[in-house]
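Subject: Handing over the structure

Hello,

Here is the structure I promised to pass on to you. Please open it alongside this message, and then read on for what I found in it.

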Amino acid sequence: MSGYYEIGIYHTKAEVNVGTLWRSAFQLGASGVFTIGCRYKRQASDTVNAMYQIPLRHYETFDEFKANRPIGATLVGIEMGGKPLSDFPHPKTAIYLLGAEDDGLPQEILDYCNCVVSLEAINTLSYNVAVAGSLVMYSRVYFQRSNNGLQRTQSTRR
């Protein structure tokens with residue numbers, strides 16, 4: 001699986017989470033990061049200067065995001081009650097959207113998403129938004145590497 005992916009936060013409450021998510025996105029090969037409804041200011045959590053490596057875009061409203069959404073990319077909402085991440089086959093091109101730290105994603109946005117994924121947990125299902133995004137991106141990278149390894153193994157057996 002090649003393709004690309006981006007990740008963003010809707011109405012983020014804590015700006016530091018954007019910096020942390022941006023750093024993880026750089027580390028895990030994302031094509032871009034975005035926010036909807038909240039401005040970003042450079043944070044100390046961006047210690048790898050991700051701002052010089054991958055873009056961060058800001059959309060004032062969800063309608064503005066929809067008007068600029070990449071054609072053909074699957075919009076994946078990350079929210080409690082969705083399909084478990086461990087059972088989710090990541091699409092080749094994806095836009096992952098996380099909700100605000102306190103309110104999550106509103107129902108009208110969940111209804112617009114092509115699919116909704118949730119993260120499993122031992123104790124409580126609520127994660128810090130930057131941690132949740134990092135787990136989703138890691139899952140994508142792991143899934144891609146696992147499938148490529150499987151394909152290489154199968155193709156060498158003749």
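What follows is a short tour, from the overall layout to a few single residues.

Please keep in mind that this is a predicted model.

Overall layout

The chain contains four helices and six strands. Read from the N terminus, its elements follow the order β-α-β-β-α-β-β-α-β-α. Of the 158 residues in the chain, 42% are buried. If you take the contacts with a separation of 6 or more, 72% of them are between residues 24 or more positions apart. The surface that the chain exposes comes to about 8600 Å², and carbon and sulfur atoms supply 50% of that area.

Strand β4 and its partners

Strand β4, residues 74-84, is a good place to start looking. It runs parallel to strand β5 (residues 93-98), and five bridges join the two. Within this pairing, Leu75 stands opposite Ile95 of β5. Strand β4 is also joined by five bridges to strand β6 (residues 115-118), again in parallel. There, Val76 has Cys115 of β6 standing opposite. As a general reminder, side chains in a regular strand alternate between the two faces of the sheet.

The nonpolar cores

Which residues have the most contacts inside the largest nonpolar core? They are Ile7, Ile78, Tyr96 and Leu98, in a core of 24 residues. At least two residues of this core come from each of β1 (4-10), α1 (15-27), β4, β5 and α4. Helix α4 gives the largest share, with five residues. Another core lies apart from this one; it has 14 residues, including Ile36, Tyr59, Ile109 and Leu110. In soluble globular proteins, nonpolar side chains tend to be buried together.

Tyr96 is worth a click of its own. Beyond its neighbours within four places in sequence, Tyr96 is in contact with Tyr5, Glu6, Ile7, Gly8, Phe34, Val76, Ile78, Phe88, His90, Pro91, Val136 and Arg140. Val76, one of these contacts, is the residue that stands opposite Cys115.

Three more residues to look at

Tyr4 lies in strand β1. Its relative accessible area is 26%, so Tyr4 counts as partly exposed. Tyr4 and Ala30 are 26 residues apart in sequence, while their C-alpha atoms are 7.0 Å apart in space. Setting aside neighbours within four places in sequence, Tyr4 is in contact with Ser31, Pro70, Ile71, Ala73, Lys92, Thr93, Ala94, Ile95 and Arg140. Arg140 is also among the contacts of Tyr96.

Is Asn17, in helix α1, buried or exposed? Asn17 is buried, because its relative accessibility is 8% and the cut-off for buried is under 20%. With neighbours within four places in sequence left out, Asn17 is in contact with Ile9, Glu101, Asn128, Val129 and Ala130.

Leu135 belongs to helix α4, which spans residues 129-156. Its relative accessibility of 34% is why Leu135 counts as partly exposed. Together with Tyr127 and Val131, Leu135 forms a nonpolar patch on the surface, and the three have about 220 Å² of accessible area together. Helix α4 thus holds Leu135 of this patch, besides supplying five residues to the largest core.

Happy browsing, and best wishes!

Key
Residues numbered from 1 in each chain as written. Predicted model: local features only at pLDDT ≥ 70, side-chain atom pairs only at ≥ 80, totals over all residues. Heavy atoms only, no water. Pairing = 2+ DSSP bridges. Patch = residues over 30% accessible without salt bridge, like charges linked within 9 Å, V, L, I, M, F, W, Y side chains within 5 Å. Areas by Shrake-Rupley, 256 points an atom, 1.4 Å probe, with all protein chains shown as cover. Salt bridge = Lys/Arg side-chain N within 4 Å of Asp/Glu carboxyl O. Buried < 20%, exposed > 50% of the residue type's maximum accessible area, 1.4 Å probe, protein only. Core = buried A, V, L, I, M, F, W, Y, C linked by side-chain atoms within 4.5 Å. Contact = heavy atoms within 4.5 Å.
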